[in-house]
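Trainee: I would like to go through this model residue by residue. Where should we begin?

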Amino acid sequence: MSERKPKNIFSKGPIPASFIAESIQKHSSQKAIGGHSIFLGQVRADQTENGIVKAIDYTAYEDMALEKMHLIREDIFAKYPLTCMHVHHSLGEVAAGEICLFVFTSSAHRKAAMDACEETVERLKAELPVWGREIMEDDSHQWKVNQ
């Protein structure tokens, strides 16, 4: 098996639905896949003590995040019999209602795809040096706490 290289997971702004659909469609030619699992993270219009969130401005320590993502990816591939994994995370401003995280795992069987997707999402939230600055309706801001 060849060694996997770090992949850029970041893109500017929200992740378009058309990109998600195209990503799914591209896998129709891979006949060994029996199950896909997809997680879509969407910006919520949370009510906070400082107001209602209208957007989140994401920043990252990109080099460190990409290296950490590479390690997470290697761990997940070692643990689950995946065919493939795709992770896309927004940088910059993403409005409430828009997609900021897209995790897509595929395997011959659904359970591996679902378990790998869930673990990947949990590890990204806990381990990646990515920060979100919540922008309120009055344009004030505060740093988001990951939940």
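Mentor: Begin with Arg 123, which has its place in helix α3, residues 110–127. Keep in mind that this is a predicted model.

Trainee: Is Arg 123 buried or exposed?

Mentor: The relative accessible area of Arg 123 is 17%. Buried means under 20%. Arg 123 therefore counts as buried.

Trainee: Which residues is Arg 123 in contact with, leaving aside its neighbours within four places in sequence?

Mentor: Contact here means heavy atoms within 4.5 Å. With the sequence neighbours within four places set aside, the partners of Arg 123 are Ile 72, Asp 75 and Leu 128.

Trainee: How many aromatic pairs are there, and how is the pair of Phe 19 and Phe 102 arranged?

Mentor: The count comes to 2 aromatic pairs. For Phe 19 and Phe 102 the centres are 6.3 Å apart and the planes make an angle of 85°. Planes over 60 degrees apart count as edge-to-face, so the pair of Phe 19 and Phe 102 is edge-to-face.

Trainee: Which parts of the chain does that pair link?

Mentor: The two residues are 83 residues apart, so to speak of distant parts of the chain is fair. Phe 19 lies in helix α1 (residues 17–26), and Phe 102 lies in strand β6 (residues 99–107).

Trainee: Why does Phe 19 count as partly exposed, and what is the relative accessible area of Phe 102?

Mentor: Partly exposed covers the range between under 20% and over 50%. Phe 19 falls there because its relative accessibility is 29%. Phe 102 is buried, and its relative accessible area is 0%.

Trainee: How are the rings of Phe 102 and Phe 104 arranged?

Mentor: Their centres are 5.9 Å apart and their planes are at 15°. Both residues are buried, and with Phe 19 they form one aromatic cluster. Because of that plane angle, the pair of Phe 102 and Phe 104 is stacked.

Trainee: What is the separation of the C-alpha atoms of Gly 51 and His 141?

Mentor: Gly 51 is in strand β4, residues 51–60, and is buried at 19% relative accessibility. It touches Asp 46 and Met 136, not counting residues up to four places away in sequence. His 141 is 90 residues from Gly 51 along the chain, and the C-alpha separation is 9.4 Å.

Trainee: Which residues form a nonpolar patch on the surface?

Mentor: One member is Met 64, which is in helix α2 (residues 62–79) and is partly exposed at 45% relative accessibility. The patch has about 500 Å² of accessible area together, and its residues are Tyr 61, Met 64, Trp 131 and Trp 143.

Key: Residues numbered from 1 in each chain as written. Predicted model: local features only at pLDDT ≥ 70, side-chain atom pairs only at ≥ 80, totals over all residues. Heavy atoms only, no water. Patch = residues over 30% accessible without salt bridge, like charges linked within 9 Å, V, L, I, M, F, W, Y side chains within 5 Å. Areas by Shrake-Rupley, 256 points an atom, 1.4 Å probe, with all protein chains shown as cover. Salt bridge = Lys/Arg side-chain N within 4 Å of Asp/Glu carboxyl O. Helix = DSSP H or I, 4+ residues; strand = E, 2+ residues; numbered from the N terminus. Buried < 20%, exposed > 50% of the residue type's maximum accessible area, 1.4 Å probe, protein only. Phe/Tyr/Trp six-rings, centres within 6.5 Å; stacked < 30°, edge-to-face > 60°.
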